Amino acid sequence: MKKKTKVICSLLLAAAVFVLLYIVDINNTGNSMLATVLQLGAIYALVAVSMNLLNGFTGLFSLGQAGFMALGAYTFGILTIPVESRGMVYYLYGINDVLANAALPVPLAMIVAGLVAAFFALLIGAPVLRLKSDYFAIATLGFSEIVRILIGSSPLNTVTNGSLGLKMIPGFSSFFTPFLISGFCILVIVLLLRSSYGRSFKAIREDEIAAEAMGINLSKHKQMAFIISSFFAGIGGALLAMFLGAVTPTTFPVKLTYDILLIVVIGGIGSVTGSVIASFLVVACKEWWFRFLDQSMYIGAFHVPLLKSGFRMVVFSLVLMIVVLFFRRGIMGDREFSWDGIAAFFRRLFRRNRPALSGADLPAGDERNGGDGHE
Amino acid sequence: MSKTVLAINDVTMQFGGVVAVNDLSMHIDEGEIVALIGPNGAGKTTAFNVITGVYQPTNGEVILDGKTIAAGHPTGKIKKIYAGGHNGEYTKSVKNTPDKITKLGIARTFQNIRLFKNLTVLENVLIAKHMRMKANLFTDTFMLSHKEEKRMREDSLELLRIVDLYDVRGEIASSLPYGKQRHLEIARALATEPKLLLLDEPAAGMNPQETDELTAFIKRIRDDFKLTVFMIEHHMNLVMDISDRIYVIDFGKQIAEGTPAEIQNDRRVIDAYLGVAEDE
């Protein structure tokens, strides 16, 4: 497929997504479930892609994403709660004098949120990245818990407001904000993965010893991937804080990391497209499509058994087990979305169907029709 | 008189009580093809690992183009149980990680092929070019250095053309036949622009025809890339055919050095390595 065609296709796709979102937006009266799921899905997509950068592309199995999100969310919250309402938020413990008047506009605060998360990644990176596979996972998991507990601990009450958490964090100014920010960040990650540095990350995933023998500085490149991943997790945390409007230490339990890991696994480890698709699917299933399982239901006079509060998670877990057992490579495996891939898919589809439809095989014509049909 | 590219002086590598390489000294001159042979477990690969920075030598030094790239002397626990020679002669301690050694101009291949299996042939070569890149993370991500990237691609494709892998450049590395994978591993090592190429059993698992091809291939790249080649090999045909000089080691110790003809008639080598003297 020609480059020009691809660009046109991409622009059309972007326009279509925009129009769809616009339709959702104008039909959004009050609390539409669809709008909520889409926004949350976009936020999770960013965090999942950031985790995939580390787990899927660099081969470092990290479980610290929730910790970095918490760092981002709290940094963002502290810097953006309107100064006049800070007395109300910190009514119990008071607020640290330095922070009382420290306020930044939303975009800047978001970048600072990412930078704080990245800074902590830099701090713990040197010791933690020396560990291999499982031990690295345990260490990052521990870090994530330490962050959560520190945030809720009393010595930091005047900074993080302890277990009361932060409230009145400004929300999204427009329905499109999370999509734009998340989309832009994912685009940056995709560009990174396609660069020479991205290739080196993949080399480290494939074979550390060979990568090092090819002149790739392992510690430097691992550190890089870790910091970048944390930076975007921090921005994801900030987006989540905006979405929720309030954060407490319990917003970022270990379970959050597992949720994101699930998205990565279901989407396919090593596929950005997979992570994005899976994050919308998983969020929709969890928050929306499986909701009916939580309510007791009657079909005629028959009381459907098992359906009660919490059953949704049981079914969700079952679905996950099925995915992990039978679709181990996830939705996308390690493939990515590409127009060439789509074209090839349609061509195969046409080739398979044509003889069945016409009863005659026209190999040459088939090829052409298949191609034309898409382009 | 050609100049020495690599000099290994009195290198001993001891792991606990096991002396894997014992008091080894070698020199490799510019443009030579030198082979290192010896029975299984003689310490050949350990010697390679010392040269490429995987291990720091327990004692002795490794010099590349007059620059010490690795050196060590017994310290700590090993000091009491040190069993090698030249104790106390070396006082320097130089440690370079493998990536730095590669940057200094030594590239290697592995005994068991270590390609980036799920990446394409072209990507495998591009990765080896990464370390010579000037662009930083930022300019590279936002494609501000696309000229350099383009040049990298052209260079890599050119290299693939030379080593006859151009036609399979888009294939996944693990899908190549065995012989081609070996070639690719050598091509990848060449992409790091080395002065010295270390080949660890390049002909392992190859049939005679593939081995002959490899012999021609190694000679060709030596001339085309003005390389010096140092190789470990078990295929005697290949070794005798290709080498300018041969080092023989057994139990970590050097037992002979010389041209292929000399080695073939060396009593100690026949006794220790070929083991055909028993029935005489």
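Buried, in this tour, means under 20% relative accessible area, exposed means over 50%, and partly exposed lies in between (1.4 Å probe, protein chains only). The model is predicted, so local features need pLDDT of at least 70 and side-chain atom pairs count only at pLDDT 80 or more, while totals for chains, interfaces and linings use all residues. Residues are numbered from 1 along each chain as its sequence is written, chains are lettered from A and ligands numbered from 1 in the order in which they are written, and side-chain values use heavy atoms, with hydrogens and water left out.

**Stop 1: Glu208(A) and Lys222(A)**

Select Glu208(A), which is partly exposed with a relative accessible area of 23%. Add Lys222(A), which counts as buried at 5% relative accessibility. The two form a salt bridge, with their closest N and O atoms 3.0 Å apart. A salt bridge here is a side-chain nitrogen of Lys or Arg within 4 Å of a carboxyl oxygen of Asp or Glu. Lys222(A) lies in helix α12 of chain A and Glu208(A) in helix α11 of chain A, so the pair ties together parts that are 14 residues apart in sequence. Helices (H or I, at least four residues) and strands (E, at least two) are DSSP runs, numbered from the N terminus. Now add Lys132(A): Lys132(A), Glu208(A) and Lys222(A) are linked in a network of salt bridges.

**Stop 2: helix α13 of chain A**

Select residues 254-267 of chain A, which make up helix α13. How far apart are its end C-alpha atoms? They are 20 Å apart, which agrees with the span expected for 14 residues at 1.5 Å a residue. The expected span is 1.5 Å times one less than the number of residues.

Of the 14 residues of α13(A), 10 are buried, so the helix is largely enclosed by the rest of the structure. Among them are Val254(A), Leu256(A), Asp259(A), Ile263(A) and Gly267(A). To see what surrounds the helix, show α2 (33-57), α3 (65-80), α7 (133-152), α14 (272-289) and α15 (311-326) of chain A, against which its buried residues pack. Contact means heavy atoms within 4.5 Å. Step on to Gly268(A), which follows α13(A) and has a positive phi, near 115 degrees.

**Stop 3: where chain A meets chain B**

Show both chains. The contact takes 25 residues from chain A and 32 residues from chain B. The two chains bury about 2,500 Å² between them, 65% of it on carbon and sulfur atoms. Buried area is the accessible area (1.4 Å probe) that two parts lose on being put together, summed over both.

Two salt bridges are found across this interface. For one of them, select Arg114(B) and Asp207(A), whose side chains meet at 3.0 Å, N to O. Which elements of chain A give two or more residues to the side that touches chain B? They are α9 (177-194), α10 (196-206), α11 (208-213) and α12 (218-244) of chain A. The largest share, eight residues, comes from α10(A).

**Stop 4: Thr58(B)**

Move to chain B and select Thr58(B), in the loop between α1 (44-51) and β4 (59-64). Thr58(B) is buried, with a relative accessible area of 8%. Its side chain reaches the backbone nitrogen of Gln14(B) at 2.8 Å. Not counting residues up to four places away in sequence, Thr58(B) touches residues including Thr12(B), Met13(B), His73(B) and Tyr82(B).

**Stop 5: Tyr178(B)**

Tyr178(B) lies in helix α7 (residues 178-191) of chain B. Is Tyr178(B) buried or partly exposed? Tyr178(B) is partly exposed, with a relative accessible area of 36%. A polar atom of its side chain lies 2.8 Å from the backbone oxygen of Ala204(B). Draw a distance from Tyr178(B) to Leu197(B): they are 19 residues apart in sequence and 20 Å apart in space, C-alpha to C-alpha.

**Stop 6: two salt bridges in chain B**

Select Arg132(B) and Glu193(B), whose side chains meet in a salt bridge (3.9 Å, N to O). The pair links distant parts of the chain, 61 residues apart. Arg132(B) counts as partly exposed at 29% relative accessibility, and Glu193(B) counts as partly exposed at 46%.

Finish with Arg161(B) and Glu158(B), which form a salt bridge with their closest N and O atoms 3.3 Å apart. Being three residues apart in helix α6 (residues 146-162) of chain B, they are separated by about one helical turn.

Key. Polar contact = N/O pair within 3.5 Å; in protein donor to acceptor, adjacent residues only side chain to side chain.
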